[in-house]
Amino acid sequence: PHASNTVVSGGAVKLSMTVEKDAANIAAARAAGCSKKQKTIYRNAMITTENLFSMKTGAVSARIKFPKQRGVHGGIWLQSHGGPEIDMIESYGLGKGFTNVYHLNGKEYKVYKKSPKSSWFNSYHVFSVEWNASQVVFRVDGTVTKTVKKNLASADYFLVMSQLSSDWELNKAKKTTATMTVDWVKVWATT
């Protein structure tokens, strides 16, 4: 992630994927393991509350407008050090859709996937997750998409927002930018 790819404009946060043009940064990305099959290297965007704010249980809600472009995925998730990860939302663009996912004991559980029509990407949508020690509830635009009854290990979760490109999806990337716009994020900690 590059700080320049995260901008606050008009009261919203804009996280963008852009083409990397600096030769030294391209070489560093290659040295770090970026696939040599990919001719284009991209810059990504990320914001986190790690070491600033965390909570054990509660709810997070965000109003987001995702890009239609493929080859990038935007998301908001709850991360813990050594414990579970709860992906409130991950959007992969038109034709690939979005998912709610949780990661527990080294396994990934996709609990919901939807591939919306093109017009869906023209508007903001509200995504939320609510969790405690025994369940996780995912919502999109106020509608419950999935309730997962699972005993979660106690962990301190911090929030991450990102617009990322990964080698496995870059074959679908257009050589342009892709921007995820976050209008607001609200957090309710219960412990």
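**Exercise 1. Count the salt bridges, then place three of them in the chain.**

Solution. The count comes to four salt bridges. A salt bridge here is a side-chain nitrogen of Lys or Arg within 4 Å of a carboxyl oxygen of Asp or Glu. The model is predicted: local features need pLDDT of at least 70, side-chain atom pairs count only at pLDDT 80 or more, and totals for chains, interfaces and linings use all residues. Residues are numbered from 1 along each chain as its sequence is written, and side-chain values use heavy atoms, with hydrogens and water left out.

Step 1. Take Arg-43 and Glu-20. Their closest N and O atoms are 2.7 Å apart. Arg-43 sits in strand 3 (residues 42-43), while Glu-20 is in the loop between strand 2 (12-19) and helix 1 (23-31); 23 residues separate the two. Helices (H or I, at least four residues) and strands (E, at least two) are DSSP runs, numbered from the N terminus. Both Arg-43 and Glu-20 are buried. Buried means under 20% relative accessible area, exposed over 50%, and partly exposed in between (1.4 Å probe, protein chains only).

Step 2. Take Asp-156 and Lys-56. Their side chains form a salt bridge at 3.1 Å, N to O. Asp-156 is in the loop between strand 12 (143-149) and strand 13, and Lys-56 is in the loop between strand 4 (45-48) and strand 5 (58-65), so the pair links parts of the chain 100 residues apart. Asp-156 is partly exposed, at 41% relative accessible area. Lys-56 is also partly exposed, at 35%.

Step 3. Take Arg-63 and Asp-183. The closest N and O atoms are 2.7 Å apart. Arg-63 lies in strand 5 and Asp-183 in strand 14 (residues 178-189), so this pair ties together parts 120 residues apart in sequence. Arg-63 is partly exposed, with a relative accessible area of 28%. Asp-183 is partly exposed, at 27%.

**Exercise 2. Find the largest cavity and describe its lining.**

Solution. Rolling a probe the size of a water molecule over the atoms shows where empty space is left.

Step 1. Search the whole structure. One cavity of 30 Å³ or more turns up. A cavity is a set of points, on a 1 Å grid over the protein atoms alone, where a 1.4 Å probe fits but cannot get out. The largest cavity holds about 30 Å³ of space. That volume is the space filled by probe spheres set on the points, with grid points joined across faces, edges and corners.

Step 2. List the lining. The residues are Thr-49, Phe-53, Met-55, Val-60, Leu-78, Tyr-157, Phe-158, Leu-159 and Val-187. Lining residues have an atom within 4 Å of a point.

Step 3. Sort the lining. Eight residues are nonpolar, one is polar and none is charged. Ala, Val, Leu, Ile, Met, Phe, Trp, Tyr, Cys and Pro count as nonpolar, Asp, Glu, Lys and Arg as charged, and the others, Gly among them, as polar. Strand 13 (residues 157-164) gives the largest share of the lining, three residues.

Step 4. Follow one lining residue. Leu-159 lies in strand 13. Leu-159 is buried, with a relative accessible area of 11%. Its C-alpha is 9.2 Å from that of Met-55, though 104 residues separate the two in sequence. Beyond four places in sequence, the contacts of Leu-159 (heavy atoms within 4.5 Å) are Ile-47, Thr-48, Thr-49, Val-60, Ile-76, Trp-77, Leu-78 and Val-185.

**Exercise 3. Which members of the largest nonpolar core touch the most other members?**

Solution. A nonpolar core is a set of buried Ala, Val, Leu, Ile, Met, Phe, Trp, Tyr and Cys residues joined through side-chain atoms within 4.5 Å.

Step 1. Pick out the members. The core has 33 residues, and Ile-64, Ile-76, Ile-86, Phe-127, Val-129 and Trp-131 touch the most others.

Step 2. Look around Ile-86. Leaving out residues up to four places away in sequence, Ile-86 touches Trp-77, Leu-78, Val-101, Tyr-102, Val-129, Trp-131, Val-136, Phe-138, Leu-152 and Tyr-157.

**Exercise 4. Examine three loop residues: Gly-95, Asn-51 and Asp-141.**

Solution. Step 1. Gly-95 is in the loop between strand 7 (85-91) and strand 8 (98-104). At 56% relative accessibility, Gly-95 is exposed. Beyond four places in sequence, Gly-95 contacts Arg-70 and Ser-115.

Step 2. Asn-51 has a positive phi of about 65 degrees, although it is not a glycine. Asn-51 is exposed, at 75% relative accessibility.

Step 3. Asp-141 has a positive phi too, near 50 degrees. Asp-141 sits in the loop between strand 11 (135-140) and strand 12. At 42% relative accessibility, Asp-141 is partly exposed.

Methods:
On a 1 Å grid over the protein atoms alone, a cavity is a set of points where a 1.4 Å probe fits but cannot get out, and a pocket is an open set with protein on both sides within 12 Å along at least five of seven lines; lining residues have an atom within 4 Å of a point.
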